[in-house]
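Subject: Structure handover

Hello,

Here is the structure you are taking over. My notes on what was found in it follow below.

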Amino acid sequence: MLSKPATVILGLIYEKPLNAYELIKTLQFMNVKQWYDIANSTVYATIKTLEKKSYLVGTVQKDGNMPDKTIYSITDSGIQELKITLKDFIENFNYDLTYFMIAAFFLDFFEIDERLEILNNRLDFLRKIKDGIELKLKEMEKLKLPKPIICNVLHNKIIIQSEIDTIIQFIDIIKKLGGGKWI
């Protein structure tokens, strides 16, 4: 399974071969640092790690008098690992919502039927969590537990409901677009 930075980097390179500087500029353009602070040094270190694992391959290019630059492309093993990770980030709920937010950027990685299947798997999982929380809330109220404890569990229910609403919107958008790209 890939780390969050590795997933972002492989996802961007899957869409288009890039050098490290272009990756950093793309992250800035996407405003990623507003919700996931990935340092420039992390980008460089992650590229090296991905290269060692053979998920990326670099090709040195020379443009006139400009310094050499290495353009990175994703390998077949990188594509496989990215697919496994994206699917996991989408299907499995984590209260650290950046996992899903990262994966949502790359939903086009999957064919439409697979996108819908993965999102529906997440939706089913979230609904089970919500059902469990609602049962827990009823038990807590019967036991007359302190209100701050009940409010904390209620907060979790609200987060889960928000995620459910979001996934339903994603599914609706994908169905309206058909097989088309998000952009």
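**Loops, fold and contacts**

S54 is found in the loop between α3 and β1 (56-61). Its phi is positive, about 65 degrees, although S54 is not a glycine. With a relative accessibility of 42%, S54 counts as partly exposed. Please keep in mind that this is a predicted model.

N31 is a second non-glycine residue with a positive phi, here about 60 degrees. N31 sits in the loop between α2 (20-29) and α3 (40-52). Its relative accessibility is 43%, and N31 therefore counts as partly exposed.

**Overall fold**

The protein chain has 7 helices and 2 strands. Along the sequence they follow the pattern α-α-α-β-β-α-α-α-α. The radius of gyration of the protein chain is 20 Å, well over the 16 Å given by the globule rule for 183 residues, so the chain is more spread out than a compact globule. The C-alpha trace spans about 75 × 35 × 25 Å along its principal axes.

Of the 183 residues, 37% count as buried. The exposed area of the protein chain is about 10,800 Å², and carbon and sulfur atoms supply 55% of it. Among the contacts with a separation of 6 or more, 63% come from residues 24 or more positions apart.

On charge, the protein chain carries 25 positive and 24 negative side chains. The centres of these two sets lie 5 Å apart.

**Helices α1 and α5**

T7 is placed in helix α1 (residues 4-15). Its relative accessible area is 0%, so T7 is buried. What is T7 in contact with, leaving aside its neighbours within four places in sequence? The list is L2, L82, T85, L86, F89, I102 and F106.

One of these contacts, I102, is also among the buried residues of helix α5 (residues 98-105). The others buried in that helix are T98, F100, A103 and A104. The buried residues of α5 pack against α1, α4, α6 and α7.

**Helix α4 and its links to α6**

K87 lies in helix α4. K87 is partly exposed, with a relative accessible area of 31%. Leaving aside neighbours within four places in sequence, K87 is in contact with F110 and I118. The C-alpha atoms of K87 and L119 are separated by 9.1 Å, and these two residues are 32 residues apart along the chain.

The structure holds 10 salt bridges. One of them joins the side chains of K83 and E114, at 3.5 Å from N to O. This pair links distant parts of the chain, since K83 is in helix α4 (residues 76-91) and E114 is in helix α6 (residues 112-142), 31 residues apart. Why does K83 count as partly exposed? Its relative accessibility is 31%, and the cut-offs for that class are 20% and 50%. E114 also falls in the partly exposed class, at 23% relative accessibility.

**Salt bridges of α6**

A salt bridge also forms between the side chains of E134 and K157, again with an N to O distance of 3.5 Å. E134 lies in helix α6 and K157 in helix α7 (residues 147-177), so the pair ties together parts that are 23 residues apart in sequence. E134 counts as partly exposed at 26% relative accessibility, and K157 counts as partly exposed at 24%.

Within helix α6, the side chains of K136 and E139 meet in a salt bridge of 3.8 Å, N to O. How many residues apart are K136 and E139 in helix α6? They are 3 residues apart, about one turn of the helix. K136 is partly exposed, with a relative accessible area of 42%, and E139 counts as partly exposed at 45%. Beyond these pairs, salt bridges that share partners join K130, E134 and K157 into one network.

Regards

Methods. Residues numbered from 1 in each chain as written. Predicted model: local features only at pLDDT ≥ 70, side-chain atom pairs only at ≥ 80, totals over all residues. Heavy atoms only, no water. Salt bridge = Lys/Arg side-chain N within 4 Å of Asp/Glu carboxyl O. Helix = DSSP H or I, 4+ residues; strand = E, 2+ residues; numbered from the N terminus. Buried < 20%, exposed > 50% of the residue type's maximum accessible area, 1.4 Å probe, protein only. Contact = heavy atoms within 4.5 Å. Rg over C-alpha atoms; globule rule 2.2 N^0.38 Å. Areas by Shrake-Rupley, 256 points an atom, 1.4 Å probe, with all protein chains shown as cover. Lys, Arg positive; Asp, Glu negative; His and termini not counted. Charge placed at Lys NZ, Arg CZ, Asp CG, Glu CD.
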